[in-house]
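Got the model open in your viewer? Let's walk through it stop by stop, with something to select at each one.

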Amino acid sequence: MQQATVSTVAAATTLFHGDAEGKELPSGEGHGKDEHMTHHDTAAIVQAHPNWKHDTETLAAIAQAGGWEKYVAVHGKEVAERAFYRPGLEKAVACMDEGDDETTVDGEELHLIRNAGSGILNMELDDLLGNAEFDPLDPAYIEQLADAFIARGITVIHCHGGCGAGGIALEKKWEKKLGRKLTPEDKKQYVTPEAVDALVQEFSRLVVEAMQRKLKAMGREEDAAKVRMHFKPIEQLSRPAEAHIAQVIYYDGTNAFKTSSGVLPRGFLVSAQALSEKGGEKTVDLAKAISFGGHGPGELLSGDRKLHVVCIGDPSNPAFSSEALMERAMSWIASLPEDQRNRIVIESFTAPAARH
Ligand SMILES: [Zn+2]
């Protein structure tokens, strides 16, 4: 099972380079037994998952209401109370993965700020996948992240098993070490599920150490003591271990949206305020590549069933209003090939006020 999930990495990497129409996994790119897993197998796993069914029903209700804005207007109280974090919760950085959405860690509810692999990929780089120099454990990069997380009041670095972003990061690390692109054989040898899980934990540990050191240097001993990491094994994700099931990518201008409420569909979550415009757009693009890929819903997202990119506007911050985010999203979709554009709908709603 774990073998299959980490192949998400191979699929995501291939798709990120623009090949989104593969009916089966990239030939020779799979890891171990996963090579024999077809798109048909993945579709069956996706459709059997209870969260896929629940999301599909909710999306039908949204369509019937006339779209997201209208649906949220009708269900405003419920959305406000359940789909946004209440103020004052301890903050964690976590992956955008739709399955990594449970917000309670060790019995305590956390407010998750989400991006690709909790920052293990530098989405601000112009050509991340083509860049042979990027190293997720580079001390300068870790320092930069530690500063950013301290500035945002984050105290928990959360990571998870079977992380697609972690897999890409591990490929980047090996590319740098070997001085060349990895062959399928290299990937089989180096990008194993165990190695990916070890890397995301090592990354989180280094960020925690850097944050603690910096906070102590500022005289903030108590804050330093709160900083910690948390790893969630793949079996605990709210999606199947072998596949992604998200039909929605949220581009959240409030940084306070919670995907696990059950009120709205689950989905990838990109916390827009934690990224630059370019970084946010590229993270949405990566989520799209996974959704359309051999380990996502893939061809299930066609015809009447589309991939929803939903901008969530902050009513009190014009830079992250639904209009501002929609403008970004429209320029992003205009850059996609026509066959992909036809499979995506972009919608928005403004967060019900006073919940974040
Ligand atoms: Zn992840």
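Start at the zinc ion, whose donor residues follow the spacing C-x64-H-x2-C in sequence. Keep in mind as you go that this is a predicted model. Select Cys95, His160 and Cys163 and show their side chains: the zinc ion is coordinated by SG of Cys95, NE2 of His160 and SG of Cys163, at 2.1 to 2.2 Å.

Now colour the two cysteines by the element each one sits in. Cysteine 95 belongs to strand 1 (residues 90-95), while cysteine 163 is in the loop between strand 4 (154-160) and helix 7 (164-178), so the pair ties together parts that are 68 residues apart in sequence. Are these cysteines buried or exposed? Turn on a surface to check: cysteine 95 is buried, with a relative accessible area of 5%, and cysteine 163 is buried too, at 3%.

Zoom out for a moment to take in the whole protein. You should be able to pick out 13 helices and 9 strands. Of the 356 residues, 58% are buried. If you draw contacts between residues at least 6 apart in sequence, 73% of them join residues at least 24 apart.

Next, go to glycine 166, in helix 7. Its relative accessible area is 0%, so glycine 166 counts as buried. What does glycine 166 contact, leaving aside its neighbours within four places in sequence? Select Ile120, Val196, Leu199 and Val200, and you have the set.

From there, hop to serine 118. Glycine 166 and serine 118 are 48 residues apart along the chain, and their C-alpha atoms are separated by 9.2 Å. Serine 118 sits in the loop between strand 3 (108-115) and helix 6. The surface won't show you much of serine 118, because its relative accessibility is 1% and it counts as buried. Check the backbone here as well: phi of serine 118 is near 55 degrees, a positive value in a residue other than glycine.

Want another positive phi? Select asparagine 255, where phi is near 55 degrees, again in a residue other than glycine. Asparagine 255 is in the loop between strand 6 and strand 7, and it is buried, with a relative accessible area of 7%.

Stay in that loop and pick lysine 258, which lies between strand 6 (248-252) and strand 7 (268-271). Is this lysine buried or exposed? The cut-off for buried is under 20% relative accessible area, and lysine 258, at 13%, counts as buried. Show what surrounds it: apart from neighbours within four places in sequence, lysine 258 is in contact with Arg82, Ala83, Phe84, Tyr85, Thr103 and Glu109.

Time for a helix pair. Select helix 6 (residues 139-151) and helix 9 (residues 193-217), which pack at an angle of about 65 degrees with their axes 9 Å apart. The crossing of helix 6 past helix 9 is right-handed. To see the contact from the helix 6 side, show Ile142, Glu143, Leu145, Ala146, Asp147, Phe149 and Ile150. From helix 9, add Phe203, Leu206, Val207, Ala210, Met211, Arg213, Lys214 and Leu215. Colour this contact by residue type and you get 11 nonpolar, no polar and 4 charged residues.

Now move to helix 3 (residues 50-65) and click threonine 58. Threonine 58 is another buried residue, at 7% relative accessibility. Measure from its side chain to the backbone oxygen of histidine 54: a polar atom of the threonine 58 side chain lies 2.9 Å away. Then look further along the chain. Beyond its neighbours within four places in sequence, threonine 58 contacts Tyr71, Val263, Leu264 and Pro265. Valine 263 is 205 residues from threonine 58 in sequence, yet the C-alpha to C-alpha distance is 8.1 Å.

Last stop: histidine 308, in strand 8 (residues 307-313). Histidine 308 counts as buried, at 13% relative accessibility. Which residue's side chain makes a polar contact of 3.0 Å with the side chain of histidine 308? Add tryptophan 68 to your selection and you'll have the partner. To finish the view, show the residues in contact with histidine 308 outside its neighbours within four places in sequence: Leu59, Trp68, Gln247, Val248, Ile249 and Val345.

Definitions and conventions. Residues are numbered from 1 along each chain as its sequence is written. This is a predicted model: local features need pLDDT of at least 70, side-chain atom pairs count only at pLDDT 80 or more; totals for chains, interfaces and linings use all residues. Side-chain values use heavy atoms; hydrogens and water are left out. Donors are N, O and S atoms within 2.8 Å of the metal (3.2 Å for Na, K and Ca); water is not among the atoms, so sites may look incomplete. Helices (H or I, at least four residues) and strands (E, at least two) are DSSP runs, numbered from the N terminus. Buried means under 20% relative accessible area, exposed over 50%, partly exposed in between (1.4 Å probe, protein chains only). A polar contact is a pair of N or O atoms within 3.5 Å; within protein, one must be able to donate a hydrogen and the other to accept it, and residues adjacent in sequence count only if both atoms are side-chain atoms. Contact means heavy atoms within 4.5 Å. Axes are lines fitted to C-alpha atoms, for helices over the stretch in contact, and angles run from 0 to 180 degrees between N-to-C directions. A crossing is left-handed if the near helix is turned anticlockwise from the far one by less than a right angle, and right-handed if clockwise. Ala, Val, Leu, Ile, Met, Phe, Trp, Tyr, Cys and Pro count as nonpolar, Asp, Glu, Lys and Arg as charged, and the others, Gly among them, as polar.
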